[in-house]
Amino acid sequence: MKDDDLSRVYAINGEVAHREIEGQILILRPDDNFLYTLNGSGRLIWQGIVKKKKLSAIIKNVSKEFGLPEATARQDVLAFVSELEAKGIIL
Amino acid sequence: MRNDDRVITLCVGGFPGTNRSLLNLEKTTGLTRHIVLRGSEADGADVKFYIELLREKKPTCVLFGGWSPVYDVFLKSIRSLKTEAGVYWTSSPGQVDISEEAEYMVSLINSRRIKHRIFANGELAKALSGVSHNVKHLPDTLLFPGDDVIKKPKGKKDELVFSLFCSPFEYKRKNVFNTLLALSMLKRKYTLYLNGLSKNRFYGNILKTLGIRYRDFNWMTDEKYQTVLGEVDLGLQISFAETFNYVAAEHIVRKIPVMTSRMVPALDCMPAHIRNRLVVDDADCASEIRDKIEYLTGEADRLHYLGERMHAHLKKENERRIGQAKKVLKSIIE
């Protein structure tokens, strides 16, 4: 993903059911039979996506909250959103 | 979950057979949506998630797989909705020690909160319809793989592969000991594929003592299982009791013949000339099992021919079962 893409704002697939319960994000895809659970940084990234934040803002937030260098946070966030996108959870 | 999902099937993860059955039901009928409950804690996060979702989606019916105390929470939560509750029972009376399940079954039959009482076992449904209302038989349905994953004939093989797959708590019901005794009397070369049996201390010793040549893959992922299944020439499922026997069906849908007992309904649809070759009259007779294996493996093309014919018959039967399952589900939806 190029640096320009860091301005990208993802949306959650409307067919995906999701809730935050007891500090965990629980996700059910339309064609899955079990829940995905997000904790820690995954939860933080998800909250950023829900709030329609740009990727750059999400990266900054992860970097700040988890005390990570921004380059590391960027790598983690991009890998994570790529996975969510590949699974059709975010668009 | 989609808004048009009118029948939600929900099952705790600890019932693999019931989950498999309900997943197949979703895929073959398109009339249900199945969800697997990983935890069984009433106050667990996934339970809360699904309860909120059910309240939001208001399906026509929630069909619980088997019975688990955690379902009580769901029953309470859907009481205020117009959602009906049902239970899908997969065990047959002889499959497990029913005394362990009898208490649940009786409470379900008498429960006013459970409207639909659905059984995978036709005889159980027939018998209980006299004492309870809304009792239905919902047959198991199967997913047939595409030709790309179906076993290809390999010509004559000196050493055939037999399979004996079952869960650790099923060894007695699956008649494992008689099957091993039969194999120990075989003259031909073979390898027996297992999924954990040799790890059991007692059966490990029996395998060794009887000189059974085996490969144990232990408990397999579905992907691994499909690969291993592709190498099998003959399945062995000479059970004392079964509701359906998915393992037998999983062989047949890949054109792999399976030897069974009379108690395996997966072979009920086979014509007499196939049943005579593959169904053992006396499951408690190791020499009869041996004789049948020797006959089946006596000619190179026999297993291939039987695999093809069994596949065709099961496919036809599966279409009938899907039709019947759709009828039952539509009676709930409408």
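In this predicted model, helix H2 (residues 45-57) of chain B packs against helix H3 (residues 71-78) of chain B, with axes that come within 10 Å and cross at roughly 25 degrees. Since angles under 35 degrees count as roughly parallel, that makes H2(B) roughly parallel to H3(B). The crossing of the pair is right-handed. On the H2(B) side, the contact draws on Val47(B), Tyr50(B), Ile51(B), Leu54(B) and Arg55(B), and these meet Val73(B), Phe74(B), Ser77(B) and Ile78(B) of H3(B). Sorted by class, the residues of this H2(B)–H3(B) contact come out as seven nonpolar, one polar and one charged.

Two of the residues just named turn up again in the core. The largest nonpolar core has 52 residues, and Tyr50(B) and Phe74(B) are among those with the most contacts inside it, along with Phe49(B), Phe64(B) and Trp67(B). H2(B) supplies the largest share of this core, seven residues. As for Phe74(B), leaving aside residues up to four places away in sequence, it touches Leu10(B), Leu37(B), Val47(B), Tyr50(B), Ile51(B), Leu54(B) and Phe64(B). Apart from this core lies another, of 47 residues, including Leu194(B), Leu207(B), Ile212(B) and Ala266(B).

A second helix pair is made up of H6 (residues 176-184) and H11 (residues 286-296), both of chain B, whose axes come within 8 Å and cross at roughly 55 degrees. That angle makes H6(B) oblique to H11(B), and the crossing is right-handed. Asn178(B), Thr179(B), Leu181(B), Ala182(B) and Leu183(B) of H6(B) make the contact with Ala286(B), Ile289(B), Arg290(B) and Ile293(B) of H11(B). Here the tally for H6(B) with H11(B) is six nonpolar, two polar and one charged.

Note on methods: Residues are numbered from 1 along each chain as its sequence is written. Chains are lettered from A and ligands numbered from 1 in the order in which they are written. This is a predicted model: local features need pLDDT of at least 70, side-chain atom pairs count only at pLDDT 80 or more; totals for chains, interfaces and linings use all residues. Side-chain values use heavy atoms; hydrogens and water are left out. Axes are lines fitted to C-alpha atoms, for helices over the stretch in contact, and angles run from 0 to 180 degrees between N-to-C directions. Helices (H or I, at least four residues) and strands (E, at least two) are DSSP runs, numbered from the N terminus. Angles under 35 degrees count as roughly parallel, over 145 as roughly antiparallel, 65 to 115 as roughly perpendicular and the rest as oblique. A crossing is left-handed if the near helix is turned anticlockwise from the far one by less than a right angle, and right-handed if clockwise. Contact means heavy atoms within 4.5 Å. Ala, Val, Leu, Ile, Met, Phe, Trp, Tyr, Cys and Pro count as nonpolar, Asp, Glu, Lys and Arg as charged, and the others, Gly among them, as polar. A nonpolar core is a set of buried Ala, Val, Leu, Ile, Met, Phe, Trp, Tyr and Cys residues joined through side-chain atoms within 4.5 Å. Buried means under 20% relative accessible area, exposed over 50%, partly exposed in between (1.4 Å probe, protein chains only).
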